[in-house]
Every structure is written in C-alpha cells, then in structure tokens.
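Reader: I would like a close look at one part of this model. Please take a single charged residue and follow its surroundings outward.

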Amino acid sequence: MNNLLITGYRAHELGIFGQKHKGIPFIRKAIESKLIPLVEEGLEWVITPGQYGVDLWACESVIALKKEYPQLRLSILTAFEGQEEKWSEDKQEYYRGILKDVDFYGAVSKQPYNGPWQFAARDDLLLRKTEGIILVYDEEAGDASPKFMKEKALRKNREDGYLYLSVSSEDIQSAANEEQYEMADGMAEAENYEDRGPEWNEEI
C-alpha cells in the first residue's frame, strides 16, 4: 500500500476543546496500533483532511513515527483554502506547528469556504488517491460527521477492495487500559527495586 487516509471525529464531537485533554494520547495510541503494521509493510504516505481533531492527532502520530520510519511521508489536503482562519489563536498556532513537519500541503478548492460541496469534493479526492482508510468512528455512540466517510469507504471497499480499518471507542478504551497496566507494572518494579535495598546494590 502506498497511500492511506486517516480521519474521524472533530474534537468538539468528542467533547475535547484543548490539547491537554487526557483522552488524546489514547486516541493516538489506538490509531498507531492500526497504522504501524501498515508502515512496516511498506506504507509510504498518510493523508488527512487536517481538521481539528482526529486528523491532527493522527498527524502528530505520523510525525513521531517518522523518526523510526524515515520513509514515511505526511500530507494534509484540506477542503478549501484557509480552513483554520476562524479557529482560536491557540488552535491556529498548534496547526502551524504541525504544518512545519508536513511533506505536502494543499487545498482541493483554491478558494475560501463556499459550501458543503467542497467537503464532498475533498472526500471523493481523498478516497481516489488512497488505497485504504483508518477511520476513528463509533456508530454506536451516535451519528457524527465521520458517518458520511464511513458510508463512502465501505462502498469503495465492496466495489474494489479498498482497505477499511476502524478505531472504535473499545479500541481507545483498550489503549487506555494497556497504558494503565504498563504504569502499574512499572510502579511494581520500582517498589521491588526499593525493597531490595543493599542486596540489589551489591549485585550491581
């Protein structure tokens, strides 16, 4: 696979309004669990629409993974020019920081927001340019904007084998549980180290 699309919820759909929200690392970890095997099989490009939420958290994951997988490339392809102009200043600053590490940036429509058709045109192009998708969306939690991308991706999956991978709330909870387990395990090791005292030091 050469090109993969990653997208999903916008931040406000998850009740997330800042970058310090404790759930973001677990969303990233759940995305990475699906992404890393594809990178190890030769994935070259990750493409996102760059909306504030899952798109940009996925970008952060890719930027971090590029240190270990230097062949990996990242692209943001927005629906229209200046999508961030009405964002708060802190969100714009965060977005500009990500853009510094993006390998390609472009807008499907070379004009400001003009109508919903721009989002439809963007989604159609993203699906044409990629061979698979990781979609962060849990339909059981209620309808949200990723619903339309899910319908299009599954249709493409049926028609030509387009790869469809989903990240559900269960996947995110599993990432959180794993993190808690690792922290508890690390604390147990630290306590064991302290309990051994001089005997441990003698072995060193």
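Author: Start with Lys66. This lysine is buried, with a relative accessible area of 19%. That value counts as buried because the cut-off is under 20%. Keep in mind that the model is predicted.

Where does Lys66 sit? Its place is in the loop between helix H2 (54-65) and strand S3 (73-80). Leaving out residues up to four places away in sequence, Lys66 touches Leu72, Asp101 and Asp103.

Now the charges. Side chains of opposite charge can pair when their charged atoms come close. Lys66 forms a salt bridge with Asp103. The closest N and O atoms of this pair are 2.8 Å apart. Lys66 lies in the loop between H2 and S3, and Asp103 in the loop between helix H3 (89-99) and strand S4 (104-109), so the pair ties together parts that are 37 residues apart in sequence. Burial differs between the partners: Lys66 is buried at 19%, whereas Asp103 is partly exposed, with a relative accessible area of 36%.

Next, Trp45. It shares a contact partner with Lys66: Asp103 is touched by Trp45 and by Lys66. Trp45 lies in strand S2 (residues 45-48). At 27% relative accessibility, Trp45 counts as partly exposed. Not counting residues up to four places away in sequence, its contacts fall into several stretches of the chain. Among them are Asn2, Asn3 and Leu4. Arg73, Leu74 and Ser75 are also touched by Trp45, as are Asp103 and Phe104.

Leu72 links back to the start. Leu72 is one of the residues that Lys66 touches. The C-alpha atoms of Trp45 and Leu72 are 6.0 Å apart in space, although the two residues are 27 apart in sequence.

Finally, the wider charge picture. The whole structure holds 10 salt bridges. Lys66 with Asp103 is one of them. Another joins Glu89 and Arg96, with the closest N and O atoms 2.8 Å apart. Arg96 is partly exposed, at 39% relative accessibility. A further salt bridge joins Lys152 and Asp124, where the closest N and O atoms are 3.5 Å apart. This pair links distant parts of the chain: Lys152 is in helix H5 (residues 146-160) and Asp124 in helix H4 (residues 117-129), 28 residues apart. Asp124 is partly exposed, with a relative accessible area of 35%.

Note on methods: Residues numbered from 1 in each chain as written. Predicted model: local features only at pLDDT ≥ 70, side-chain atom pairs only at ≥ 80, totals over all residues. Heavy atoms only, no water. Helix = DSSP H or I, 4+ residues; strand = E, 2+ residues; numbered from the N terminus. Buried < 20%, exposed > 50% of the residue type's maximum accessible area, 1.4 Å probe, protein only. Contact = heavy atoms within 4.5 Å. Salt bridge = Lys/Arg side-chain N within 4 Å of Asp/Glu carboxyl O.
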